[in-house]
Amino acid sequence: MFKDITIGQYVEGNSFIHKMDARVKILLSLFYIIILFLISSPVAYAVFTAFTLFLVYLSKVPPKFILRGLKPMMYILVFTAVLNLFMTQGSTVLWVCPFWSTLKITKEGLTTAVLMILRLVYLVIGTSVLTLTTSPLMLTDGIEKILKPFEIIKVPSHEIAMMMTIAIRFIPTLSEETEKIMKAQMARGADFESGNVLKRAKAMIPLLVPLFISAFRRADDLAVAMDSRCYHGGKNRTRMKQMKMTVRDLWATLFMVGFAAAVIFIQKLM
Amino acid sequence: MIDIEKLSFSYDDEETHEKKFVIKELDLYIDKGSFVAVLGHNGSGKSTLAKHLNGILLPSGGKVYIAGMDTADEKNTFSIRSTAGMVFQNPDNQIVAAVVEDEVAFAPENLGVPPEEIRRRVDECLEIVNMSEFAKSSPSRLSGGQKQRVAIAGVLAMEPECIILDEPTAMLDPKGRREVMRTIKSLNKSRGMTVVLITHYMDEAAMADRIVVMEKGSVIIDDVPKKVFSEVEKIKEIGLDVPQVTELLFRLRSMGIDMPEDIISVEECEKVILDRLKGLKND
C-alpha cells in the first residue's frame with residue numbers, strides 16, 4: 001500500500017527546464033502561481049493557457065505524467081465547480097430549477113465555475129512541471145538556499161533541508177519494513193483487508209507500534225553514524241554539487257517577467 | 001596509531017545504583033598499518049570499545065589516544081573522527097543520502113572540503129570499493145553487501161588513517177560478507193590502512209594479523225590468529241568457536257591422527273589433508 005507513495009516523481013530529462021537552476025525554478029513557480037491568482041478575465045486566461053501549454057512542451061515531460069497529478073484533484077475540482085455554478089449571484093439567468101427556484105445557474109456563475117476549475121488545474125500543472133523536472137535532492141538544496149536569508153529571523157534552513165533529505169531517503173526503507181511487519185502479522189492471522197473503515201483502522205495499530213519503535217531505533221543509529229562522519233549542522237559545510245545560475249536562468253526569468261507584464265496588461269485592458 | 005591506557009567504562013545501574021563496568025582497566029596498543037580483529041560474544045564490551053575509538057563514547061576512567069590525540073579533549077573530536085572512521089552493523093541505518101555519490105560526499109561536505117576535491121574523493125573512494133557504476137543509483141536498490149561497501153566508501157572519503165568496523169557483516173548474506181571482507185582486506189594490504197574489525201565470525205577474524213579476544217570487559221587473549229586458534233579448548237571454554245578447518249583438524253587430532261595445530265585457512269587445511277592421504281597411499 002505504501003508502494004504508491006512517490007514523493008518527487010522526478011522524470012529524468014535534458015530539456016531547457018530540466019537544466020535550469022532549482023532556486024530559479026522554485027521562485028518562478030511561485031511567481032507563476034501569483035500571476036494565476038491575479039488574473040480573472042477570459043482573455044488573460046486564454047493567454048495564460050497558451051503559456052502553460054508552452055511550459056509543458058518545453059519540459060518534454062510526457063503529458064500523461066502531468067495528467068496523473070490531476071487525478072487525485074478530481075473531487076475537489078467537481079466540488080468547486082458545482083459550488084460556484086449554483087452559488088454565484090448574477091443578472092443573466094440561464095436556467096432555473098423547476099422544483100426549487102432558488103437553485104439557478106447564471107451566466108456569471110458559469111464563467112466563475114469555469115475559471116475556478118482552470119485556476120486549480122493550472123496550479124497543479126505549474127507545480128507538477130517543477131517537481132517533474134527537478135530531482136528531490138535539487139529541490140531540497142534549492143529550498144535550503146532560498147531559505148538561507150531568513151536565517152536572520154531564525155529559520156533553520158539547513159535543518160529543514162536535511163530533514164527533507166533524510167525523509168526522502170527513508171521512504172523506501174520504512175515501506176519495505178511495513179510490508180515485512182504486515183506479512184509477519186498476516187501469517188499469524190491478522191486481517192487488514194475486511195471490515196469497515198473503523199475496523200480496518202484498528203487493525204493498523206499493531207502495525208504502527210512496531211514500525212514506530214523501529215523508526216526510533218533507526219533514527220538513533222543514524223544519528224551516531226552522522227556524528228561519526230563529523231556532522232555538525234550547516235556551519236562551515238560545503239557541497240559537492242554546486243548550484244550554478246547560467247544565462248539560461250536569466251532568459252527564463254526575463255521571459256517570465258515579460259509574460260507577467262503582458263498578462264496583467266491584458267487583464268487591466270479588458 | 002591507537003593507544004588505550006587503563007580504559008574503563010561504567011554506568012549506574014538504575015535499580016541498584018551500583019556502578020556496572022562494561023570495560024575495566026583495558027590496555028591495548030594498535031600499530032599503524034595492522035589488521036586487528038576483536039572477538040568476543042554479546043556483552044563482552046567489544047562494541048563499547050569500538051565506540052571509544054572515535055570519541056562517540058568517552059572513557060569513565062583511563063585514556064584513549066588516536067594518533068596522539070586524546071579523545072576526551074573536545075577540540076580533537078572532528079580530527080579524531082576523520083582519522084578513525086567508523087562503519088556500523090546495519091547498512092540501512094547509516095546511509096543519509098538518497099543517491100550513492102551524495103552519500104559518499106556527506107563526510108567531506110561536513111568537513112568543509114572544497115567541491116572539486118570532494119568530487120575527486122568521491123570518484124576515487126567508489127573506485128576503491130568497486131561501486132563506481134552505481135554512483136547515481138539509490139541506495140535502497142542495492143544489496144546489503146553493496147550498501148555496506150558504499151558505507152565504507154563514505155568513511156574513506158574522510159581520508160582516515162584507520163578504519164573501525166563494528167560487525168559490518170552481521171546482517172549480510174554469505175555473498176555480501178565475502179564482498180565486504182575482500183574490500184576490507186585489500187584496504188589493509190594494498191593501502192596500508194589500519195583496520196580494527198569487531199566481529200563474531202571466526203573465519204573473518206582468521207584473516208587478521210592479530211586477534212584480541214574480549215571477555216567481561218577485559219582482554220583475555222591477544223596474539224596472532226594461528227596461536228589463538230591453536231588453543232581450541234581455551235577458546236571453547238569462553239563460549240567462542242574456532243574456524244571450521246581448525247575444528248576439523250582438532251577432531252582428527254583427538255582421534256589420534258597427527259595433525260598440525262596452527263592451520264586456520266581452507267587452503268592450508270586442504271594441503272595438509274591431501275599430503276596425509278598421499279602418504280597413506282604410498283605406505
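Here are some notes on the empty spaces and the domains in this structure.

1. Before anything else, keep in mind that you're looking at a predicted model. Everything below is computed from that model.

2. Let's start with chain A. Its domain assignment gives two entries: domain 1, made of 8-134 + 242-270, and domain 2, covering 156-237. If you want a feel for the layout, the C-alpha centres of these two domains of chain A lie 35 Å apart.

3. On to the enclosed spaces. How many cavities of 30 Å³ or more turn up in a search of the whole structure? The count is three. The largest of them has a volume of about 170 Å³. It has 15 lining residues, and A:Met162, A:Thr165, A:Arg237, A:Arg239 and B:Glu109 are the closest to its centre.

4. Which helices should you click on to find that largest cavity? Try H7 (136-147) and H8 (157-187) in chain A, plus H3 (100-110) in chain B; each supplies at least two residues of the lining. As for the character of the wall, seven lining residues are nonpolar, six are charged and two are polar.

5. The second largest cavity has a volume of about 50 Å³. From chain A, its lining takes Leu137, Met138, Asp141, Arg239, Met240 and Lys241, while chain B gives Asp102 and Glu109. You've already met A:Arg239 and B:Glu109, which are also among the residues closest to the centre of the largest cavity.

6. What supplies the walls of this second largest cavity? H7 of chain A and H3 of chain B each give at least two residues, with H7(A) providing the largest share, three residues. Five of the lining residues are charged and three are nonpolar, with no polar ones.

7. Now for an open space: the second largest pocket, with a volume of about 570 Å³. Of its 24 lining residues, the closest to the centre are A:Asp221 from chain A and B:Ser47, B:Lys51, B:Gln89 and B:Asp166 from chain B. Two elements give two or more residues to this lining, namely helix H9 (197-228) of chain A and helix H1 (46-52) of chain B. The largest share is from H9(A), at six residues.

8. Is the lining of that pocket mostly charged, polar or nonpolar, or how does it divide? It has 12 polar residues, eight charged and four nonpolar. For the second largest cavity, by contrast, the polar count is no residues at all.

Note on methods. Residues are numbered from 1 along each chain as its sequence is written. Chains are lettered from A and ligands numbered from 1 in the order in which they are written. This is a predicted model: local features need pLDDT of at least 70, side-chain atom pairs count only at pLDDT 80 or more; totals for chains, interfaces and linings use all residues. Side-chain values use heavy atoms; hydrogens and water are left out. On a 1 Å grid over the protein atoms alone, a cavity is a set of points where a 1.4 Å probe fits but cannot get out, and a pocket is an open set with protein on both sides within 12 Å along at least five of seven lines; lining residues have an atom within 4 Å of a point. Grid points are joined across faces, edges and corners, and a volume is the space filled by probe spheres set on the points. Helices (H or I, at least four residues) and strands (E, at least two) are DSSP runs, numbered from the N terminus. Ala, Val, Leu, Ile, Met, Phe, Trp, Tyr, Cys and Pro count as nonpolar, Asp, Glu, Lys and Arg as charged, and the others, Gly among them, as polar. Domain bounds come from an automatic or database domain assignment.
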